[in-house]
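Here are some exercises to work through with the model open in your viewer. Try each task before you read the solution under it.

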Amino acid sequence: MALSGIQIFSFLPKSNCKECGAATCLAFAMNLAANKVQLEQCPHLTPEARNSLAQASAPPIRRVEVGTGPARAVLGEETVLFRHEKTFNHPPLLAAGLEDNRPDWENRLNSWREQQWERVGLSLRPEMVFLTCASQEAGQFQAVAQKAAELDFALALQGSAEILAQVLPSLASARPLLCAAQEDNWEIMADLALQYRCPLLLRGRGTEALAGLSGKLRQRGGQDLVLDAQTRTLAQTLASNVTLRRAALLDKNQGLGLPIINFASVAGGDPAAEVMAASLMICKYASIIVLSDFKRESLFPLLLLRLNLFTDPQRPMTMPQGIYPIGNPGPDSPVFVTTNFSLTYFIVNGEIENARYPAWLLIMDTEGLSVLTAWAAGKFVGDTIGAFVKKSGIEEKIKHRQIIIPGYVSGIKSELKEALPDWRITVGPREASRVPQFLREWNLQQNDAN
Amino acid sequence: MAFKPLACNGKTAVEYLGEKSCPVGGDNCFSFHFFEGARPSQPLLALEVWDIYPREWPDVCCQAYGRNLSSPLDWAAAALAAGAQAIALQLKSIDPNGLDAGPEPALGLVGELLDKIDVPLIVWGCDNAEKDALVLSTLAARYAGRKLILGPVEEANHKRLAPLAAEYGHTICATTPIDVNLAKQLNILLQNQGVPLEKILIDPTTGGLGYGLEYTYSVMERLRIAALQQNDQVLALPLICHLGKEIWKSKEARQLREEAPEMGEDNRGVFMEISAGVSLLLAGANILVLGHPQSLRGLRDFIDLLFSPAQAENELWL
């Protein structure tokens with residue numbers, strides 16, 4: 001958690017010795033709060049003060065990394081209970097459970113890897129495999145894990161300490177989540193995690209048990225932990241996740257200020273039950289959600305929900321500026337122009353698709369503002385649209401010179417005409433829902449004109 | 001560990017809907033937080049019924065009802081058989097950009113429905129403020145005392161609708177565009193027109209999954225915080241979300257496997273409706289209007305799971 005300058009100041013020697021380069025200790029504290037200097041630049045800080053300061057400035061939910069390379073993911077570091085207070089930082093990883101002795105394990109992995117979609121310039125895909133050593137053979141376990149890692153999945157490896165000790169020399173570089181430390185084996189698991197620098201799953205039934213185990217682990221030096229509260233119903237999962245998040249943020253409980261793993265099977269095994277369980281876990285505080293399988297029809301909705309809720313409320317999602325062809329448009333197809341707020345794009349694009357008339361959609365960079373806001377900010381007006389249309393390259397794709405502007409900015413028609421003297425400016429509907437009807441009429445008029 | 005409940009000094013109003021006085025609201029904690037408060041009534045799940053044959057509806061939804069779709073009365077009966085706890089009649093016929101029918105067909109249909117069903121009846125206009133005011137006010141007067149739930153009522157048409165609804169005892173869905181302050185303002189305007197708060201449902205405007213759902217989600221959470229933690233009486237009213245129509249107009253829900261194999265099986269739209277529905281229920285929805293009966297069953301299961309009496313066992317996790 002970020003400390004204020006005044007809070008930092010209370011830990012400093014207050015001698016104003018100037019050896020750090022700042023005129024006073026208070027000035028140094030202010031610079032430190034603004035991340036302009038390093039704590040180490042103060043030569044007179046006592047080790048106790050250094051420790052307290054490090055603890056006080058630690059994020060309330062510890063940052064834990066799993067995976068490496070393309071599979072690297074960050075968990076934790078959440079700072080709010082409700083996304084509108086600031087934002088949710090790290091989307092929960094979606095994982096699928098796999099037992100290494102399944103005969104079809106390779107097909108499963110390959111089919112999981114193929115499940116990805118493009119949206120708003122982002123790639124939506126599930127990112128983790130939760131692999132259990134059911135074969136009791138290190139060789140088999142390692143082969144499946146290696147394949148999953150090659151396919152860019154982050155790994156959770158669940159097995160006995162003996163099995164994990166055998167596979168970690170070759171798999172530790174993938175930074176898998178080791179599963180799991182619990183009351184009866186936490187020492188040996190903690191040592192493995194420390195030796196191979198891997199994050200460790202901590203399993204305890206209920207909050208009390210987790211807090212106790214987490215304290216012991218941390219004393220032994222284990223820090224990168226993920227919590228499994230072993231809930232057995234969806235109601236317990238909600239209670240547990242909310243309790244843990246509040247303990248971390250409101251009570252500053254470092255032993256519980258750790259990312260959480262949930263298992264969607266807690267609501268029952270059928271696909272609809274997993275969708276509802278995973279949806280709850282996305283909304284309420286899971287960092288890893290384990291499903292029994294990845295299937296396109298149930299995975300896609302979860303990826304969308306996750307994308308929505310983990311969008312920064314202060315920074316709208318944007319589309320890259322450019323020409324978006326919809327339904328194979330040709331040189332005679334109509335040209336629409338609108339802003340690059342991703343919601344504007346999606347809704348207009350969807351309505352044009354629904355209308356089943358091909359069209360060109362010009363998306364102009366308005367820094368993510370919607371039509372009216374961009375107009376009010378002077379970013380979506382005659383001059384700027386005119387310049388954008390000219391340099392967009394649309395003139396080479398069409399024979400006509402007709403452009404349709406959103407109905408809400410009908411007022412800019414004449415200034416746009418000045419900027420684009422060869423063009424006919426048509427005012428389109430205000431609401432995107434009227435676009436299909438507009439297109440039907442537009443096409444009728446074109447046919448009449450011909 | 002000593003679990004400390006989040007301080008809530010407010011409570012949402014209990015409202016009684018329909019002729020059988022079905023209760024909604026009355027929560028003194030965030031959605032499903034039974035570990036620190038009470039939620040006396042379960043969220044109500046409604047299904048859409050259109051007043052005309054639903055040509056624009058996706059095949060997946062149509063197949064769920066089959067031939068029943070050709071009569072709104074049969075459709076409503078099938079929806080009730082599927083577990084709907086309210087019917088949300090969509091007056092598509094009155095849309096000035098479509099059939100542009102007058103109030104008469106709607107008058108007849110609403111009367112027949114009121115006689116046939118004994119769950120709350122939501123009557124939804126065509127999102128044209130003027131036309132909705134005309135048709136809904138005619139309905140309000142004709143079915144005095146029959147406790148309809150009328151919407152959308154916006155700032156633009158509330159002056160025509162609100163006094164009639166108040167006089168004849170109907171409930172109003174106060175629709176505002178995803179904004180806490182506008183929601184509050186409209187509720188105050190409605191009160192000024194004589195509508196008691198317990199006859200107002202807040203419709204925060206629902207974004208589809210992948211189409212702005214997060215805006216609705218956060219505005220609803222803020223509305224609940226205002227009600228529960230800031231004790232704002234004007235906002236402490238049940239929330240209604242029209243989710244079905246947003247889900248089923250999206251391309252991603254409608255696409256069939258044969259045209260888009262990368263989207264998987266055709267029940268994807270149902271899963272989208274369930275996933276978005278779960279998020280809205282968690283954000284505080286008291287009434288969800290859904291399209292597909294299978295989504296209703298899934299969300300019913302979800303609510304039942306969270307209302308299950310596992311309180312004692314929960315304590316381990318607090």
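**Exercise 1. How does A:Leu26 count at its relative accessibility: buried, partly exposed or exposed?**

Keep in mind that this is a predicted model.

Step 1: Find the residue. A:Leu26 sits in helix H2 (residues 25–33) of chain A.

Step 2: Look at the number. The relative accessibility of A:Leu26 is 32%. Buried would need under 20%, and exposed would need over 50%.

Step 3: Conclude. A:Leu26 is therefore partly exposed.

Step 4: Check what surrounds it on the surface. Together with A:Ile6 and A:Met30, A:Leu26 makes a nonpolar patch of about 250 Å².

**Exercise 2. Work out how enclosed strand E15 (residues 359–364) of chain A is, and which strands pair with it.**

Step 1: Get the setting. Chain A has 16 helices and 17 strands, and buried residues make up 56% of its 450 residues. Its C-alpha atoms fill a box of roughly 80 × 70 × 40 Å along the principal axes.

Step 2: Count the buried residues in the strand. Six of the six residues of E15(A) are buried, so the strand is largely enclosed by the rest of the structure.

Step 3: Split them by face. A:Ala359, A:Leu361 and A:Ile363 are on one side, with A:Trp360, A:Leu362 and A:Met364 on the other. Both faces are covered.

Step 4: Take one partner. Strand E13 (residues 322–326) of chain A pairs with E15(A) in the antiparallel sense, over five bridges. Here A:Gly322 has A:Ile363 as its bridge partner.

Step 5: Now take strand E14 (residues 335–339) of chain A. E14(A) and E15(A) run parallel and are joined by five bridges, with A:Val337 opposite A:Leu362.

Step 6: Follow the chain. From E14(A) the path goes through helix H12 (residues 342–355) of chain A to E15(A), a right-handed β-α-β crossover.

**Exercise 3. Run the analysis again on strand E16 (residues 402–405) of chain A: what covers it, what does it pair with, and what is the hand of the crossover?**

Step 1: Check the faces. A:Gln402 and A:Ile404 lie on one side of E16(A), A:Ile403 and A:Ile405 on the other, and all are buried.

Step 2: Find the pairing. E16(A) runs parallel to strand E17 (residues 424–427) of chain A, with four bridges between them. A handy marker is A:Ile404, which stands opposite A:Thr426.

Step 3: Trace the connection. The chain leaves E16(A), passes through helix H15 (residues 413–419) of chain A and reaches E17(A); this β-α-β crossover is right-handed.

**Exercise 4. Lay out the strand order of the eight-stranded open sheet in chain B, and find its edges.**

Step 1: Write the order. It reads E8-E7-E6-E5-E4-E3-E10-E9 in chain B, with parallel pairing.

Step 2: Pick out the edges. Strand E8 (200–203) and strand E9 (240–242) of chain B each pair on one side only.

Step 3: Add the twist, which averages 25° from one strand to the next.

Step 4: Zoom in on one pair. Strand E6 (residues 149–153) and strand E7 (residues 171–175) of chain B pair in the parallel sense over three bridges, and B:Leu150 stands opposite B:Ile172.

**Exercise 5. Which parts of the chain does each of three salt bridges link?**

Step 1: Start with A:Glu77 and A:Arg63, whose closest N and O atoms are 3.1 Å apart. A:Glu77 is in the loop between strands E2 (73–75) and E3 (93–99) of chain A, and A:Arg63 in the loop between helix H3 (47–57) and strand E1 (64–66), so the pair ties together parts 14 residues apart in sequence.

Step 2: Move on to A:Asp224 and A:Arg175, at 3.0 Å. The residues are 49 apart, with A:Asp224 in the loop between helix H8 (207–219) and strand E10 (225–228) of chain A, and A:Arg175 in the loop between helix H6 (161–171) and strand E8 (177–181) of chain A. A:Asp224 is partly exposed at 22%, whereas A:Arg175 is buried at 17%.

Step 3: Finish in chain B. B:Asp127 and B:Lys245 form a salt bridge at 3.4 Å. B:Asp127 is in the loop between strand E5 (121–124) and helix H4 (129–142) of chain B, B:Lys245 is in helix H8 (residues 243–248) of chain B, and they are 118 residues apart.

Technical notes. Residues are numbered from 1 along each chain as its sequence is written. Chains are lettered from A and ligands numbered from 1 in the order in which they are written. This is a predicted model: local features need pLDDT of at least 70, side-chain atom pairs count only at pLDDT 80 or more; totals for chains, interfaces and linings use all residues. Side-chain values use heavy atoms; hydrogens and water are left out. Patches are made of residues with over 30% relative accessible area and no salt bridge: like charges are joined within 9 Å, nonpolar side chains (Val, Leu, Ile, Met, Phe, Trp, Tyr) within 5 Å. Accessible areas come from the Shrake-Rupley method with a 1.4 Å probe; for residues, only the protein chains shown count as cover. A salt bridge is a side-chain nitrogen of Lys or Arg within 4 Å of a carboxyl oxygen of Asp or Glu. Helices (H or I, at least four residues) and strands (E, at least two) are DSSP runs, numbered from the N terminus. Buried means under 20% relative accessible area, exposed over 50%, partly exposed in between (1.4 Å probe, protein chains only). Two strands pair if DSSP finds at least two bridges between them. A crossover is right-handed if, with the strands pointing away from the viewer, the path from the first strand over the helix to the second runs clockwise. Axes are lines fitted to C-alpha atoms, for helices over the stretch in contact, and angles run from 0 to 180 degrees between N-to-C directions.
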